[in-house]
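Look at the model below and follow its helices. Keep the sequence at hand as you read.

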Amino acid sequence: MRNRALTFLILVACQVLICNYLHLSMYLSLSILPVLIICLPTKITTPVAMIIAFAAGFVVDYTAEGVLGLNSLALVPVALLRRSVCDAIFGEELVARKEDFSVAKFGWPKVAFAVSIAQALFLLIYIWADGGQARPFGFNLLRGFVSFAVGIIISVPIADKLTKYHGQSA
């Protein structure tokens, strides 16, 4: 458990660094937070996952973004729908048996699909809350597609690393 918690905290710190120092384009909002939440162990209940998501989002908001609540607002719905996404993609028996998903167990396509759903939901809310109504639709759409594509390229390997811990004992 300590390995998972430490890895989670290190990746939240990486997200802070990404937000503070990696400004490649106005069309790119890179976030690894959705993959951290979707890969939480299934023994973590939805309310606890929502609290973890709020706390992680708030840390990033407070230390990097400057707009308190922006990441939290976009990340809490990912935590809320985490179990539903896992049930739909990996099967309900996964949660019923208190097992966790992994790339080794379910393969890259299923894990990438779950990460894609989390990333898409996060970006939809994040871009809307980050002044999406004040910007042209084309800009928001392009920002969403670029952020989604780069986010998936970064997040799927992270999901592989995070889910490798699930098979180990604490």
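This report covers a cavity and then three helix pairs. The model is predicted.

**The cavity**

The structure holds one cavity of 30 Å³ or more. The volume of the largest cavity is about 30 Å³. Which residues line the largest cavity? They are Ile38, Val78, Leu81, Arg82, Val85, Ile117, Ala118 and Leu121. Two elements, α4 (70-90) and α7 (108-129), each give two or more residues to this lining. The largest share comes from α4, with four residues. Sorted by class, the lining has seven nonpolar residues, one charged residue and no polar ones.

**Three helix pairs**

The table sets out how the helices pass each other.

| Pair | Axes come within | Crossing angle |
|---|---|---|
| α4 and α7 | 9 Å | roughly 155° |
| α7 and α8 | 9 Å | roughly 140° |
| α3 and α4 | 8 Å | roughly 160° |

**α4 with α7**

Start with the two helices that line the cavity. Their axes cross at roughly 155°. Angles over 145 degrees count as roughly antiparallel. Therefore α4 is roughly antiparallel to α7. The crossing of α4 past α7 is right-handed. On the α4 side, the contact is made by Leu70, Asn71, Leu73, Ala74, Leu75, Pro77, Val78, Leu81, Val85, Ile89 and Phe90. On the α7 side, the contact residues include Lys110, Val111, Phe113, Ala114, Ile117, Ala118 and Leu121. Also among them are Phe122, Ile125, Tyr126, Trp128 and Ala129. By class, this contact has 21 nonpolar residues, one polar and one charged. Val78, Leu81 and Val85 of α4 take part in this contact, and they also line the cavity. So do Ile117, Ala118 and Leu121 of α7, which appear both in the contact and in the lining.

**α7 with α8**

Helix α8 spans residues 137-164. The axes of α7 and α8 cross at roughly 140°. That angle makes α7 oblique to α8. Again, the crossing is right-handed. From α7, the contact uses Trp108, Val111, Ala112, Val115, Ser116, Gln119, Ala120, Leu123, Tyr126 and Ile127. They meet Asn140, Arg143, Gly144, Ser147, Phe148, Gly151, Ile152, Ser155, Val156, Ala159 and Asp160 in α8. How many residues of each class does the contact of α7 with α8 have? There are 12 nonpolar, seven polar and two charged residues.

**α3 with α4**

Helix α3 covers residues 46-65. The axes of α3 and α4 cross at roughly 160°. This makes α3 roughly antiparallel to α4. Here too, α3 passes α4 in a right-handed crossing. The contact residues of α3 are Thr46, Ala49, Met50, Ala53, Phe54, Ala56, Gly57, Phe58, Val60, Asp61 and Glu65. Those of α4 are Leu70, Asn71, Ser72, Leu75, Val76, Ala79, Leu80, Arg82 and Arg83. The classes here are 12 nonpolar, four polar and four charged. Arg82 of α4 belongs to this contact and also lines the cavity.

Methods
Residues are numbered from 1 along each chain as its sequence is written. This is a predicted model: local features need pLDDT of at least 70, side-chain atom pairs count only at pLDDT 80 or more; totals for chains, interfaces and linings use all residues. Side-chain values use heavy atoms; hydrogens and water are left out. On a 1 Å grid over the protein atoms alone, a cavity is a set of points where a 1.4 Å probe fits but cannot get out, and a pocket is an open set with protein on both sides within 12 Å along at least five of seven lines; lining residues have an atom within 4 Å of a point. Grid points are joined across faces, edges and corners, and a volume is the space filled by probe spheres set on the points. Ala, Val, Leu, Ile, Met, Phe, Trp, Tyr, Cys and Pro count as nonpolar, Asp, Glu, Lys and Arg as charged, and the others, Gly among them, as polar. Axes are lines fitted to C-alpha atoms, for helices over the stretch in contact, and angles run from 0 to 180 degrees between N-to-C directions. Angles under 35 degrees count as roughly parallel, over 145 as roughly antiparallel, 65 to 115 as roughly perpendicular and the rest as oblique. A crossing is left-handed if the near helix is turned anticlockwise from the far one by less than a right angle, and right-handed if clockwise. Contact means heavy atoms within 4.5 Å.
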